[in-house]
Amino acid sequence: MAPIATSREEFDEIPTVVGIFSAFGLVFTVSLFAWICCQRKSSKSNKTPPYKFVHVLKGVDIYPENLNSKKKFGGDDKNDVKNKPAVPKNSLHLDLEKRDLNGNFPKTNLKVGSPSDPENVTPKLLLEGEKEAVSPDSLKSSTSLTSEEKQEKLGTLFFSLEYNFEKKAFVVNIKEARGLPAMDEQSMTSDPYIKMTILPEKKHKVKTRVLRKTLDPAFDETFTFYGIPYTQIQELALHFTILSFDRFSRDDIIGEVLIPLSGFELSDGKMLMNREIIKRNVRKSSGRGELLISLCYQSTTNTLTVVVLKARHLPKSDVSGLSDPYVKVNLYHAKKRISKKKTHVKKCTPNAVFNELFVFDIPCEGLEEISVEFLVLDSERGSRNEVIGRLVLGATAEGTGGEHWKEICDFPRRQIAKWHMLCDG
């Protein structure tokens, strides 16, 4: 019986050993997990914070993670300047990591008179040596000329033209614009974009994306127009309109570029071109045109009948001279718009015939606090429509607008028609 007793004691010791080993294993696992977590936390703290991927322009990846530690922190900048070799003034040095969100290089303003900048010292010495040779009158004239030239210059547009014979497609690539004027007086910058139209038919209208806060936008956008035969290219013209986006009002027009395609041979391949941007050519001397309106006030039903009959002598909306006019009619009560209507678009005419009737319900008795606004607009597909002219009829309106309104109040139930001059919108 003694051997049996010893085996029982051995069986009683096995759970104790297993428990000891499992306890040691659990402690080891917990300590290993805690060590791994500490290592990950320390590695994360040494890394730069996560950045958002911005964009890829012209094959350059804009990743802030690619910056060196010396460029991220300005502590060693002064020591690095001494070790850097001197760069010649005329050499082109581009730091791809200093591009802004639009892919452009920021303009650095040099401080005048700072002795640390070698580029500022040499021109100063040259000017002192040439003071005797240059008269003050010539300096005044040169400065006045340069200031006038700067005011007239609106920048340069760079683009390329190509014809794909296999696909029978006309390809236009809008590359960039340089030296645009600042349309925002507060930030002294612009939010440019470009609208392009193929004349004279104006069937093809496209526009680029808006690039924020830049005077040298790099668009690099390609537009392909299918179904245009090569023999027709010579009869076409390209009209570029350069604008600055405005979130709270109408977009500002910077200028335009007109390119007649007659004489261009696109059979040899892609053509790189650049043109100076000029002011938009709008004919203002002939006025904004005229509008023929007929009104009738029904006092019994308290309704106002408005008939938009004709428009004539509308000004040119662009260089093609062809407008697509239509009329918006807004009814106001106590300076608050309560109803609106609009006519159909008349294609390619400065003398449009509408003959469209609208009936408005008047919310009060009488027409003392009622006024009607007419807006003649040029229909632009894919963009904001431009206002050609404006007309207001009401009790407080001046000129023919007030006279017409007085007549319909004095003679209700009578249809009275009059021509009115349009004013600026």
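Is Phe-165 buried, partly exposed or exposed? With a relative accessible area of 43%, Phe-165 comes out as partly exposed. The close-ups below all come from a predicted model, so keep that in mind as you look around.

**View 1. Three rings, Tyr-163, Phe-165 and Tyr-230, make up one aromatic cluster.** Start with Tyr-163 and Phe-165: their ring centres sit 4.9 Å apart and their planes meet at 70°, so this pair is edge-to-face. Next, Phe-165 teams up with Tyr-230 in a tilted pair, at 5.0 Å centre to centre and with 50° between the planes. That second pair ties together distant parts of the chain, 65 residues apart. Phe-165 belongs to the loop between strand 3 (156-164) and strand 4 (169-178), while Tyr-230 belongs to the loop between strand 7 (218-226) and strand 8 (237-244). As for solvent, Tyr-163 counts as buried because its relative accessibility is 6%, under the 20% cut-off. Tyr-230 is partly exposed, with a relative accessible area of 23%. If you go hunting for aromatic pairs through the whole structure, you'll find four.

**View 2. Two arginines each lie over the face of an aromatic ring.** Arg-178 is placed over Phe-158, at 4.4 Å from the ring centre. In the other example, Arg-312 covers the face of Trp-419, and here the distance to the ring centre is 3.8 Å.

**View 3. Strand 11 (290-298) pairs with strand 12 (303-312) and with strand 18 (416-421).** Nine bridges hold strand 11 and strand 12 together, and the two run antiparallel. To find your place, look for Gln-298, whose bridge partner in strand 12 is Thr-303. The two strands form a hairpin with four residues between them, and Asn-302 in the turn has a positive phi of about 55°. Strand 18 is also antiparallel to strand 11, with six bridges between them. A handy landmark there is Ser-294, which has Ala-417 in strand 18 as its bridge partner. Strand 11 is mostly covered, too: eight of its nine residues are buried.

**View 4. Four strands line up in an open sheet in the order 14-13-16-17.** The pairing is antiparallel. Strand 14 (336-342) and strand 17 (386-394) are the edge strands, each pairing on one side only. From one strand to the next, the twist averages 20°. Strand 13 (residues 325-333) is joined to strand 14 by six bridges. Tyr-332 makes a good place to zoom in, with Arg-337 as its bridge partner in strand 14.

**View 5. Helix 6 (residues 400-410) packs on the sheet of View 4.** The helix touches strand 16 (370-378) and strand 17, and its direction makes about 45° with that of strand 17. Which residues of helix 6 are buried? They are Gly-401, Gly-402, His-404, Trp-405 and Ile-408. These residues cover an arc of only 160° around the axis, which puts them on the same side of helix 6. What covers them includes strand 16 and strand 17, along with strand 11, strand 12 and strand 18 from View 3.

How values were computed:
Residues numbered from 1 in each chain as written. Predicted model: local features only at pLDDT ≥ 70, side-chain atom pairs only at ≥ 80, totals over all residues. Heavy atoms only, no water. Pairing = 2+ DSSP bridges. Axes fitted to C-alpha atoms, helices over the stretch in contact; angles between N-to-C directions. Contact = heavy atoms within 4.5 Å. Buried < 20%, exposed > 50% of the residue type's maximum accessible area, 1.4 Å probe, protein only. Arc of directions from axis to C-beta. Phe/Tyr/Trp six-rings, centres within 6.5 Å; stacked < 30°, edge-to-face > 60°. Lys NZ or Arg CZ within 6 Å of the ring centre and 35° of its normal.
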